[in-house]
Amino acid sequence: MSKIQTAFEKGKCFIPFITAGDPSLDKTVEYVLTMAQAGADIIEIGIPFSDPTAEGAVIQEASLRALQAGFTMEGLFEAVERIREKSKVPLIFMTYINPVFHYGYDAFFEKCQSLSVDGFISPDVPFEEKEEIAGIAQKYGVDVISMVSPTSRERIRRIAEDAEGFVYVVSSMGVTGVRSEFSSNLKETVTQLKKYTEVPCAIGFGISTPEQAAQMAAIADGAIVGSAIVRIVADKKEQAGEALADYVSKMKNAVRGA
């Protein structure tokens with residue numbers, strides 16, 4: 001069993017996302033450690049890409065700021081080495097496939113293994129094309145996380161039976177960003193997934209408040225939050241640590257109580 005699945009054995013998981021390099025990789029190290037200490041069970045680190053088609057304005061702008069500040073893959077790997085000196089929190093890289101392809105699949109996943117990066121998510125790799133990277137990732141012990149959307153209906157069984165780490169259940173159609181309403185068939189989707197896999201399910205896209213996090217964790221095994229955290233960093237920049245710690249603590253408590 002992977003470290004990601006093991007994290008869910010302790011109870012409902014809160015999974016925050018942060019864009020690497022915004023406002024700097026030094027701050028990414030600090031903020032990841034801050035969130036881990038505040039109760040984050042698993043942390044997604046977003047690798048900036050110039051054309052993040054599934055992202056809303058908040059994460060798009062964070063990626064652009066990081067790239068303009070001189071983000072590099074090697075700099076990211078050095079930052080994760082520093083995180084690993086102080087924390088064993090499960091880490092997932094989330095990015096589009098283009099930067100990984102250009103780095104080289106073998107080299108990238110070998111680097112993940114050496115850094116104890118436990119999982120990988122790529123929103124522009126459909127389930128049908130997952131095999132392009134899954135075999136290489138598996139060779140290096142990295143879970144490739146599959147995503148299920150409200151329109152996945154007839155594909156749910158195949159995705160579930162092939163799942164590893166956890167299944168990322170997309171809460172609603174469209175790009176990432178804070179929302180007030182979610183898909184009405186989320187519970188049905190999770191119920192369907194549970195028929196075919198024992199791998200945990202976590203819901204993401206649009207969650208921003210403790211109430212929403214509790215609502216999603218009551219349906220599934222955890223809640224994922226991205227844009228709301230990236231917005232805190234955008235607003236507070238180099239002074240976001242205290243606000244992040246407070247936010248993550250509240251969200252973790254909400255998820256734990258679901």
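Student: I'm just starting to look at this one, so where does Arg158 fall, buried or partly exposed?

Tutor: Arg158 counts as partly exposed, because its relative accessibility is 42%, and please keep in mind from the start that this is a predicted model.

Student: OK, and which residue does the side chain of Arg158 meet in a salt bridge?

Tutor: The partner of Arg158 is Glu128, and the salt bridge between their side chains has an N to O distance of 3.5 Å. Glu128 sits in the loop between β4 and α7 (131-139) while Arg158 belongs to helix α8 (residues 156-161), so this pair ties together parts of the chain that are 30 residues apart in sequence. Glu128 also counts as partly exposed, because its relative accessibility is 46%.

Student: Do any salt bridges share partners, and if so which residues end up in one network?

Tutor: Lys3, Arg84 and Asp118 are joined into one network by salt bridges that share partners. Within that group, the side chains of Asp118 and Arg84 meet at 3.5 Å, N to O. This pair links distant parts of the chain, since Asp118 is in the loop between α6 (105-114) and β4 (119-121) and Arg84 is in helix α4, 34 residues apart.

Student: Are those two buried or exposed?

Tutor: Asp118 is buried, with a relative accessible area of 9%, and Arg84 counts as buried too, at 18% relative accessibility. Both values fall under the 20% cut-off for the word buried.

Student: How many salt bridges are there by this rule?

Tutor: The count comes to 13 salt bridges. One of them is formed by Asp22 with Arg65, where the closest N and O atoms are 2.9 Å apart. Asp22 lies in the loop between β1 (13-19) and α2 (25-37), and Arg65 lies in helix α3 (residues 57-68), so the pair ties together parts that are 43 residues apart in sequence.

Student: How do Asp22 and Arg65 come out for accessible area?

Tutor: Asp22 is buried, with a relative accessible area of 5%, whereas Arg65 is partly exposed, with a value of 30%.

Student: And what kind of peptide bond joins Asp22 and Pro23?

Tutor: A cis peptide bond joins Asp22 and Pro23, with omega at about 5°, and Pro23 has its place in the loop between β1 and α2. For background, most peptide bonds are trans, and most residues other than glycine have a negative phi.

Student: So which residues other than glycine have a positive phi here?

Tutor: Ser116 is one of them, with a positive phi of about 55° although it is not a glycine, and Lys237 is another, with a positive phi near 55°. Ser116 is found in the loop between α6 and β4, whereas Lys237 is found in the loop between α11 (227-236) and α12 (241-256).

Student: Are Ser116 and Lys237 buried or partly exposed?

Tutor: Ser116 is partly exposed, with a relative accessible area of 35%, and Lys237 is partly exposed as well, with a relative accessible area of 46%.

Student: Changing topic, how many disulfides does a search of the whole structure find?

Tutor: The search of the whole structure finds zero disulfides. Cys112, for example, is in no disulfide, and the nearest cysteine sulfur to it, that of Cys13, is 20 Å away. Cys112 is buried, with a relative accessible area of 0%.

Student: What about Cys201, and how far away is the nearest cysteine sulfur?

Tutor: Cys201 is in no disulfide either, and the nearest cysteine sulfur, again that of Cys13, is 12 Å away. Cys201 is buried, with a relative accessible area of 0%.

Student: Back to charges, then: which residues gather in a patch of negative charge on the surface?

Tutor: That patch of negative charge on the surface is made of Glu74, Glu78, Glu81 and Glu85. Glu74 lies in helix α4 (residues 73-84), and Glu74 counts as partly exposed because its relative accessibility is 39%.

Student: Last one: where does Lys194 lie, and how far is its C-alpha atom from that of Ala220?

Tutor: Lys194 lies in helix α9 (residues 186-196) and is partly exposed, with a relative accessible area of 37%. The C-alpha atoms of Lys194 and Ala220 are separated by 9.7 Å, and the two residues are 26 residues apart along the chain.

Key:
Residues numbered from 1 in each chain as written. Predicted model: local features only at pLDDT ≥ 70, side-chain atom pairs only at ≥ 80, totals over all residues. Heavy atoms only, no water. Patch = residues over 30% accessible without salt bridge, like charges linked within 9 Å, V, L, I, M, F, W, Y side chains within 5 Å. Areas by Shrake-Rupley, 256 points an atom, 1.4 Å probe, with all protein chains shown as cover. Salt bridge = Lys/Arg side-chain N within 4 Å of Asp/Glu carboxyl O. Lys, Arg positive; Asp, Glu negative; His and termini not counted. Charge placed at Lys NZ, Arg CZ, Asp CG, Glu CD. Helix = DSSP H or I, 4+ residues; strand = E, 2+ residues; numbered from the N terminus. Buried < 20%, exposed > 50% of the residue type's maximum accessible area, 1.4 Å probe, protein only. Disulfide = S-S within 2.5 Å.
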